[in-house]
Amino acid sequence: MIDRRSWLVAVLALVLLAVLPSAAAAQTRFVFANESPYDTMDPHAAFDVGRVAVRLNLYDGLYRWLDNPPKLEPWLAESHTVSPDGLTYTFKLRRGVKFHDGAEMTAEDLRYSAERILAMKKGAAALLATMIAPGSTKAVDRHTVQFTLTKPAAIFLAVVPEVHVVNSALLKKHEKDGDWGAAWLTSNEAGSGSYQLSRYDPAVGFIAKRFAGHFMPWGQKWIDEIEFRTVKEDNTRVLGMIKGDYQGTGGYLPNDQVKRLREAANVKIVEQESMRIKMFQINNQRPPLNDVHVRRAISYAFDYDGFNKDILGGSVERNPVPIPNNMWGVPRDVKGYTYNLDKAKAELALAKAKVDRPITIGYLQGFSQTEQAATVMANGLRKLGLDTKLTSEVWPTMVERMKKPETSPDLVVYWISTYYADPNNWIGEMFHSGQWGTFKASSFYKNPKVDELLDVALKSTDRKVREKAYQDAARIVVDEAAGIWVYNTKYFGPWAKNLEGIRFSPIGNGQEIRWVYYAK
Amino acid sequence: MRLLALALHRLAWFVPTLLGLLVLTFVISRVIPADPVALVAGETATPAQVEALRRQLGYDRPLPVQFVDYLARLARGDMGTSIFTRRPIVQDLAHRLPATIELTVVAMVVSVLAGVPLGVVSALWRNSPLDHAVRVVTVSGLAIASFWLGIMLQLLFAMRLGWTPLNGRLQGFPPEAITGFYLVDAALTGDGPAFGAALRHLALPAATLAFPALATLVRFTRAGVLDVMQSNFVLYERAMGLPRPVIVWKYTLRSALTSTVTQIGLLFGILLAGAVVTEAVFDWPGIGTYAVSSILQSDYNAVMGFTIWAGTIFIVVNLLVDVVQTLVDPRERAT
C-alpha cells in the first residue's frame, strides 16, 4: 500500500516535470563533404578553394565577396578611403566586434594579421607582398587601420578580403620561437567569424558552433552546428548526399555524378556560372610555338563544341577569351577561335617555323577531364598531320615544370580559379611578362604593348580606364593566340533539398554557411 | 637460445637497414621535380618569394647538411614538422596509427579465421564442388581491384540494404580517445552502442581488406595441407588407424601452416604500412591516406616519418615471423 507521503512526492514530481522547461529543441546541423583534407586551421597558411570553409566561417576580413556576380561588401570595415596617389588605404572599423574568446577586435589585430601573413610567406602572402611591405601597416587609432602600398595597385581592395583577422593577443600568448603562433593555430582558431571551432581532427575535419555574438545580425533561422568533413572519393560524396549523410558538397563534380544527384529525391542542384576558366597554356618561347601562325593553327584545331557539348554534355559555357565571360573587362566583340581545320591548315602554310617534332601536351593525373581535353587536342592536331605526345604529372610536379620555359610542355591543360574577382587574376597574372616563373604565367608570353596595358590597368583606380585596358590587352592576346581558352565552369552545387539561403560566390563557392537554414 | 641469437642478429641489422632506407628516401624526395616550398608559397609566388621561404625553412642548405641535421633530431625522437601544417610528424603519425592498426587487426582476424579453415577444407575435399567454389573465391580475391570491391560493398550494404554506414570510423566525430582503438575504448568504458557503431563502421573496410588476404591464405593453406597429406608420416598415421580429424587438425595442420604463417606475417606488415586504396574509398583516417597526401605534396618530413614507420614495421614483422616459424617448426630449432 503506497502511503500518503509517497503519493505527495509523486504528484510533486509530476507537477515539476510539467512546469520545468522542456529539453532544449534539437539543434540544426549541417554536414559538408569536402574533397580536400583540412590539414590546417590556420587561415594564413592556405589560399585555396579546398579549405575556404575555414576562412569564411571562422574568420572575418575587412571586406567580403558575396553573391554572383561577386560584390565586395563592407564587413569588418565600415568604410575606406584611398589617397589621391593610390598608395594609402585607410579603413574605419566597426566598433564592438568580438573575437570568440570575448576580446574586442581593434586595429592592432588588423595590423598584426597583415604582418603575420607577410612574415609567414604562405597563403595570400605572395600576392599581398607585391603591394605592401612588412612594417608598413599601421593601427592609426583603436578603430582605424592604414595600409601603405609600395606602388599603386588597383587590385588591393579585391585582395584585402584575404587578410583574415586573427586575435593578436591570443596568438602572442601561444607564440613559440618567433613562429607567430603558427604551431598552435594549425590545430586551433583565433577568429571572430560566424562560427566558433568546437572540434578539430586533421584526419576527419572540423565542427563549429554558431557564434551568437557575431557582429553581422543573424536572420530568423540559422544552422546551429556545422561540420566540414574530408571525403576524398567523388563516388562516396555522391552516395553520402543521396543517403542523407551530407547536406552539401563541392559543386565541380563530373557530369555523370551531377546527373545521379539530380535524380535523388532529397538533393537539389544549385546552378551558377562560376569564374574558373579551362584552358591550354601554350609555351610561347619554344619553337615552333614561338610562331604566331603555328599557335593560331593549334587554336583552330581544338574541337570546342565537341568537347563542351558532347563530352561535357553542355554543362559548361564556351569562353573564348582569357577572362571569364561574366567578369568585367571582357571584349564582347571578340568571338575567339572555332574548330576549323581549313583555317588551321592555312595558318600552318603561313608559318615560317616548321612543325617537325611531336607537340607535347601535358595534363594532370587524377583529373580525367584534362586527359579528355588533351586527347581531343591531340586528335585535332593529328588531323593536321602533326604528331603529338601526351604527358601527365601530378599537380605539384606539373606546377614545377611549368615555371620554366625549358621544362614546361608545349601545351598544358588545366583550370584557372578565382582567387579574387578582378580581371588581373586571369589575364594580368597569365600574360604580363613580369609574372614569368609563376605557374599561371607558363605561357611565357611577352608583348611590350600588352605589358603596358596591364600596367595601366593595375595602376589606375578608374574602372572605365581599367576596363578598356583589359579589353585591349585581351584582344591582342587572343589575336596572337597566346593560349587556348575552352570554357568557363558552371557550378552545380549539390545541397539538401530543404536548405534555403545558399549564397554562391565564385570566391567561396557557397561554403559560407551563416546564410543557410532549413526551410522545414 | 637460437631464438635469442636470431632476434639479436636481426636487431643488429635494424639500424643500418633503416639508415639505408632513410638515405634512399631522402635523396629521392629531394631530387624529384616537385617543390613543396613552391606549393606552400602559393601559386602566385614569384621565384624570389619561393627562395625567400626556402631560406626561412632551411631547405636552401646543402643536402648532406640537411640530412645530418635530420638524423640528429631523429636521435632525439623528433621527426620534424610538416612543411604545410607545422604539426609535429610524430603527432600526426600517432594520431592516425590506431585507425590503421585497428582496421588491420580486424581484417587479419577475419581473413585468418575464415581463410585457414577454408584452405584445409578445400585441400581435404580436393576437386570437389566445394574445392572449386573456394578456388573461385580465391581467384576473385586476388584478381578483383580493392577499390572496386569497396565501392560495390558500399552500394550493396550501405545504400541498398542500409545495414552498414557508408564510410568513416564513426558517424561524425569520435569521443575523446583512451587508446584510440574505438573497439577497445568502447569495451573499457562499457559503451555497448559505441562498440556496435565502431564495429559496423569497420565491417566494409575490413571486408575489403580481408578478401584478398583471405584469398592468399586459403591458397597457401591448401597447398601446404595437400603437400603434407602426401608425406610418409601421414601415411603411417592412416595405417595406424588414427581418426581423420586427429590426423588433420593435430598432426597435419602444424606442418602445413609454416608457409601460411609466413604469409600472415607479411600480409600484416603490408597492411600496417597503409592500405591506401581502402582508406581512400572509406575515408578511413589512417596512415595510408596520410602517406599518399604527404608524397603528393612532397612534404619531406612526413614522407621520411612514414618511411621510418613502414620500414620499422617490416623489420619487426619479419623478425616475428621468423620467431613464430621457429616455434612452430621443430626442424628450424634443430638446425
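This passage looks at chain B of a predicted model, with an eye on helix α7(B) and on the contact with chain A.

Chain B is a helix-only affair as far as regular elements go: its secondary structure comes to 16 helices and 0 strands. Along the principal axes, its C-alpha atoms fill a box of roughly 85 × 55 × 40 Å. Of the 335 residues in chain B, 37% are buried. Take the contacts in chain B between residues at least 6 apart in sequence, and 73% of them turn out to join residues at least 24 apart.

Helix α7 of chain B covers residues 146-160. With 15 residues at 1.5 Å a residue, α7(B) should span 21 Å, and the 20 Å between its end C-alpha atoms therefore agrees with that expectation. There is a kink to report all the same: α7(B) bends by about 25° at Q154(B). Q154(B) also turns up among the buried residues of the helix, alongside L149(B), G150(B) and A158(B). In an α-helix there are 3.6 residues a turn, so residues three or four places apart point the same way. The cover over the buried residues of α7(B) comes from both chains, and includes α8 (234-243) of chain A as well as α9 (192-229) and α13 (276-281) of chain B. After the helix comes G162(B), with a positive phi near 70°.

As for the contact between the chains, it takes 41 residues from chain A and 38 residues from chain B. On the chain A side, the elements giving two or more residues are α4 (125-128), α7 (182-185), β8 (195-201), β10 (225-230), α8 and α14 (395-401) of chain A. By class, that side has 16 nonpolar, 11 polar and 14 charged residues.

Key. Residues are numbered from 1 along each chain as its sequence is written. Chains are lettered from A and ligands numbered from 1 in the order in which they are written. This is a predicted model: local features need pLDDT of at least 70, side-chain atom pairs count only at pLDDT 80 or more; totals for chains, interfaces and linings use all residues. Helices (H or I, at least four residues) and strands (E, at least two) are DSSP runs, numbered from the N terminus. The expected span of a helix is 1.5 Å times one less than its number of residues. The bend at a residue is the angle between axes fitted to the seven residues ending there and the seven starting there. A residue is buried if 20 or more other C-beta atoms lie within 10 Å of its own, exposed if 12 or fewer, and partly exposed in between; C-beta atoms are placed from the backbone. Two residues are in contact if their C-beta atoms, placed from the backbone, lie within 7 Å. Ala, Val, Leu, Ile, Met, Phe, Trp, Tyr, Cys and Pro count as nonpolar, Asp, Glu, Lys and Arg as charged, and the others, Gly among them, as polar.
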